[in-house]
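Hi,

Here is the structure I said I would pass on. Have a look at it first, and then read my notes on the cysteines and the charged pairs below.

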Amino acid sequence: MRITRLTSDHFRIPYSPGRVSLNDPNPIGKEIDLLVIRIETEEGLSGLGFTPHRGPGVAAVRQLVHEQAETIEGEDPRGTERLFSKVESWFRPIGFGGLASRAYSAIDIALWDMKAKAANVPLFKLLGGAKSSAPFFLSDIASIGRSATDVVRQASPWIQQGAMGVRVEIGTGDVRADADRVREISDGLGEKASVSVAADGRFDLGTAEALTHFFEDIGIDWFEDPIPAADEIGYGKLANLAEIPLAVGSSFTSREQFFRVIRSGLVRTIRPDISRLGGISPVLKIAAVAEAFQVAVSPVRLPELGIHLACGLSSIPHVDYVTWCTELFTGGPRIENGKLVPSTESGLGFETNEDIAAKWRVK
């Protein structure tokens with residue numbers, strides 16, 4: 001089996017009330033750019049991959065996808081480990097992080113789709129088949145700028161369907177307002193839902209310590225990226241003071257960053273971003289190390305992939321749910337008996353909806 005062709009599409013997905021900015025208090029534009037690629041083989045097997053992008057640089061990412069395609073043309077798509085190492089080594093002179101890893105993530109995802117299709121099994125079974133469904137929490141409901149009232153109103157129907165809780169973003173510059181909003185959301189959802197808080201490293205250590213104690217008092221489940229990721233000493237101090245679990249990693253761009261944090265014992269949950277790291281292959285390496293140290297793994301966004309990882313691996317307890325691609329893709333995960341369930345079709349189990357694709361395709 002040999003790779004013969006790679007094609008790409010650029011879609012611009014409009015925001016809706018359930019599709020909003022996650023990591024930027026000042027969103028760039030009102031759309032998410034999504035690159036969707038398809039890799040084909042001489043036997044007719046194909047794989048679908050994708051990578052989201054916000055802000056400038058999407059054209060450069062697409063160009064990098066096609067440059068990277070030249071390095072895998074003629075290769076066996078089932079050799080995911082070898083191809084990842086080949087492309088990573090190719091970029092060693094300038095570094096694999098940033099746009100290069102974001103571009104390759106789409107390729108790596110497509111290769112894993114093909115690998116599972118070649119085995120005629122859903123991806124989660126190829127990864128290990130640890131479970132048939134997974135709990136999920138809402139990650140695009142409570143972005144910065146959303147009032148507590150609006151968050152509770154929009155989250156409640158999802159909670160009734162089984163969502164375990166809501167991830168709330170803070171970091172407006174007004175610490176008291178941030179704290180009050182988290183408390184209002186927690187009170188509004190009540191005991192029926194968990195609440196976690198994400199700060200994207202926006203606070204200094206003193207402010208983070210004060211917020212940590214406040215969140216402990218109101219029963220927040222975890223505090224994600226409270227201070228800059230590079231402040232390992234600060235995380236050590238927070239971990240010694242805090243009873244609330246700390247999570248970190250949504251902005252990490254390398255496996256080594258995760259390995260250091262895992263070995264330090266400072267956090268209980270890590271948050272790898274599949275697109276930032278270069279695809280499914282590096283996340284599997286991170287998950288294996290995390291499991292050895294009994295650290296939970298919670299991949300950032302992309303539930304179309306997260307559900308396969310959560311159901312394939314025992315170290316991933318739940319899925320981060322956003323609605324970015326629910327209209328563009330047909331198939332994929334569904335809610336059943338209060339949990340997220342992966343497709344039982346071979347591979348990833350979804351394809352593009354051509355009617356929606358025609359509307360959102362960037363010429």
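**Cysteines and salt bridges**

The disulfide count comes to 0 here. Keep in mind as you read that this is a predicted model.

Take C311 to begin with: C311 is in no disulfide, and the nearest cysteine sulfur, belonging to C325, sits 18 Å away. A disulfide needs the two sulfur atoms within 2.5 Å, so at 18 Å C311 and C325 do not count as one. Looking from the other side, C325 is in no disulfide either, with the sulfur of C311 as its nearest cysteine sulfur at 18 Å. Are these two cysteines, C311 and C325, buried or exposed? C311 has a relative accessible area of 0%, so it counts as buried. C325 is buried too, because its relative accessible area is 2% and the limit for buried is under 20%.

Now for the charged side chains. As background, side chains of opposite charge can pair when their charged atoms come close. How many salt bridges does the structure hold? The total is 24, and a few of them are worth finding in the viewer.

One of them joins R78 and D76, whose side chains meet at 2.8 Å, N to O. R78 is partly exposed, since its relative accessible area of 38% falls between the 20% and 50% cut-offs.

Next, look at E88 and R255, which form a salt bridge with their closest N and O atoms 3.0 Å apart. This pair links distant parts of the chain: E88 belongs to helix α2 (residues 80-90) and R255 to helix α9 (residues 255-264), 167 residues apart. Both E88 and R255 are buried.

Then there is D273 with R301, another salt bridge, where the closest N and O atoms are 3.6 Å apart. Where do the two partners sit? D273 is in the loop between β9 (269-270) and α10 (274-277), while R301 is in the loop between β10 (296-297) and α12 (303-312). They are 28 residues apart, and this pair also links distant parts of the chain. With a relative accessible area of 5%, D273 is buried. R301 counts as buried as well, because its relative accessibility is 10%.

Finally, some salt bridges share partners, and in that way R167, E169, E224, R271 and D320 are joined into one network.

Cheers

Technical notes: Residues are numbered from 1 along each chain as its sequence is written. This is a predicted model: local features need pLDDT of at least 70, side-chain atom pairs count only at pLDDT 80 or more; totals for chains, interfaces and linings use all residues. Side-chain values use heavy atoms; hydrogens and water are left out. Buried means under 20% relative accessible area, exposed over 50%, partly exposed in between (1.4 Å probe, protein chains only). A salt bridge is a side-chain nitrogen of Lys or Arg within 4 Å of a carboxyl oxygen of Asp or Glu. Helices (H or I, at least four residues) and strands (E, at least two) are DSSP runs, numbered from the N terminus.
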